[in-house]
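Student: Could we go through this model together? I'd like to start with the overall fold and then move on to single residues.

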Amino acid sequence: MIYFKVPDIQYLAQGYSEYIETSKGLSDGTKNQYISIIKHYLRNQVLNKVEKKNYEDIFNPQRILEFHAYRKSDIKRAALASLLEYLKTEYSEIDRRFTIEYPAIEKPDRHTTEFLPLEAIQFIFGPNVQYEGEEKIIAPCVYALSFFCCFEQKHLISLKVSDLIIEERLIRNLRRNTKNPHLIQWLEVNEKTYNLLARYMEYRDTLNTESDSLLIIDGEPANTATLNKMFQLLTQRNHNKSQINNNVSAQLLVRTFILYSLISTKGKGLAQILQTQEWNSQIREALNKFLEENLRQYNKEDILSQLSYEEIVGAVSNSELYFDSVEPNENKIIIEDVVENIADITRYIAGIPYLEENDVSMEDVYDYENITNRNLVENKVVIQRMVRDSTMAQWLKTQYDNTCQLCDYKLRYAEGNYSEAHHIRPYNKTHRGDDNIRNMIVLCPNCHTQFDDLYYCINPDTLNIHCLFEDDDYHLENLKFKEWHNLGKEYLNYSWELFTQKKNQLQRPQ
């Protein structure tokens, strides 16, 4: 069977977008929602699952039922109906009498656990949220502290000025308590959170407040009412509401961050999470969702009968944590058992063999056209590469339409367009990088080979490309980035140190 592949999905999504943009009677906000929903549906329910040209199977009731768990929206049915209308106008393979059979969907009770879709997270931390007055400075800090630092409302209210060391990019881990003093005491905030906090602290200095509370809202220390207001503005203003279908809260942001940490690291991110907080309902619900999606993605429904969720949770939560005191007031946590347990479990669920010698799961050989600006020759080059595959890497390559961020080349081969995700901090046993989009860029195979060889590296301060040989065409050039794609300074610093070492070795006199 030949299934819908990425180029097919991209073609369908582009055609549908153009179709819906010309539709009459729909507001711009509704059109954008339709397009977002259908792109999400095609990516999650059709890609590699539906036989090519079997358009009616796109609307299989089971697929719609599964999609309901992904995406909470009152207009999903209308969006799917518009997709069917588009297909009927463009493709003769679909029966004009065909109608969608919607499955019976039970209304979720009030205990149903929700997570924000990735598009909503990108919107929240993007430039298009509507704010009023001081909200523009304070609200993004609140969201970042909840999402990236996993602080719930009680932690946000408790934060003191002394809990932030802005010069060192550190914030006190308020989830650490006297019952478990071995959790790490300070969290290093990421680049996004640091920039938001730095701007906020400049603003806070102008308030002349005597309060030691870190967050000052409407002239008073943050409290439940003012924080609720900050979260409600995301869904009460029409512009924001068109992008976010959930009622946002600190708990929802925490839970969503944990889920995406698990997804982007294939479960290994649980180790880091357990360094900052004890096993709790937020972690349990995110892990449960992560496991459910893995079971669905790899069609391994029988796994639950072989290995129950309780057994999986037990394997992780009952692992011993070994603590090694480095200095009197500094804690270092070694949790290899947790890492290996969750890694083994997720590999078992996914059915992916693990090869320690090269940290890859697939081997492919491709013919690549060597037509870059650096090496113009008319012959073809065969490069053998070990290709890893991950959900986040695939998603990132789709966002860049398989176009190299350095040379702008889009490789064509029999199955469609092809690109590779390069890990800035290498993903292997030696360097221990991870599948996080802050650690990945999209490259063609030739550029990827040169980045892997440290022929190229990204300067962490300027983000310019540096080459071992300064006469190279791309030396001091810039990568092409989507506005939401930010690289992690910690990954850039790590790679830059390796690059510097190699350059020094090459320049050392023989």
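Student: How many helices and strands does the chain have?
Tutor: Keep in mind that this is a predicted model. Reading the secondary structure along the chain, the tally is 19 helices and 15 strands.

Student: And what share of the residues is buried?
Tutor: The chain has 510 residues. Its accessible surface comes to about 26,300 Å², with 46% of that belonging to carbon and sulfur atoms. Among the contacts with a separation of 6 or more, 65% are between residues 24 or more positions apart. As for burial, the share of buried residues is 48%.

Student: How many disulfides are there, and why is C444 not in one?
Tutor: A disulfide needs two cysteine sulfur atoms within 2.5 Å. C444 is buried at 2% relative accessibility, and its closest cysteine sulfur, in C447, is 3.6 Å away, so that pair is too far apart for a bond. By this rule, the number of disulfides is zero.

Student: Is C141 buried or exposed?
Tutor: Buried means under 20% relative accessible area. C141 has 1% relative accessibility, so it counts as buried.

Student: Where is N48, and what is its phi near?
Tutor: N48 is in the loop between α2 (28–46) and α3 (61–70). This residue is partly exposed, with a relative accessible area of 44%. Its phi is positive although it is a residue other than glycine, with a value near 60 degrees.

Student: What about phi of D408?
Tutor: D408 sits in the loop between α17 (391–399) and β10 (411–413). Its relative accessible area is 46%, which makes it partly exposed. D408 is also a residue other than glycine with a positive phi, here near 70 degrees.

Student: How do the planes of Y200 and Y203 lie in their aromatic pair?
Tutor: The model has 19 aromatic pairs, and Y200 and Y203 form one of them, 6.4 Å centre to centre. Both lie in helix α8 (residues 191–205), three residues apart, about one turn of the helix. Y200 is buried, at 0% relative accessible area. With 45 degrees between the planes, the Y200 and Y203 pair is tilted.

Student: Which residues form one aromatic cluster?
Tutor: One phenylalanine and several tyrosines come together here. The members are F4, Y16, Y19, Y55, Y86 and Y91.

Student: Which ring does the charged end of R425 sit over?
Tutor: There is such an arrangement at K482, whose charged end sits over the ring of Y400, 5.7 Å from its centre. For R425, the charged end is 3.8 Å from the ring centre, and the ring belongs to Y494.

Note on methods:
Residues are numbered from 1 along each chain as its sequence is written. This is a predicted model: local features need pLDDT of at least 70, side-chain atom pairs count only at pLDDT 80 or more; totals for chains, interfaces and linings use all residues. Side-chain values use heavy atoms; hydrogens and water are left out. Buried means under 20% relative accessible area, exposed over 50%, partly exposed in between (1.4 Å probe, protein chains only). Helices (H or I, at least four residues) and strands (E, at least two) are DSSP runs, numbered from the N terminus. Contact means heavy atoms within 4.5 Å. Accessible areas come from the Shrake-Rupley method with a 1.4 Å probe; for residues, only the protein chains shown count as cover. Rings of Phe, Tyr and Trp (its six-membered ring) pair if their centres lie within 6.5 Å; planes under 30 degrees apart count as stacked, over 60 as edge-to-face and the rest as tilted. A charge sits over a ring if NZ of Lys or CZ of Arg is within 6 Å of the ring centre and within 35 degrees of the ring normal.
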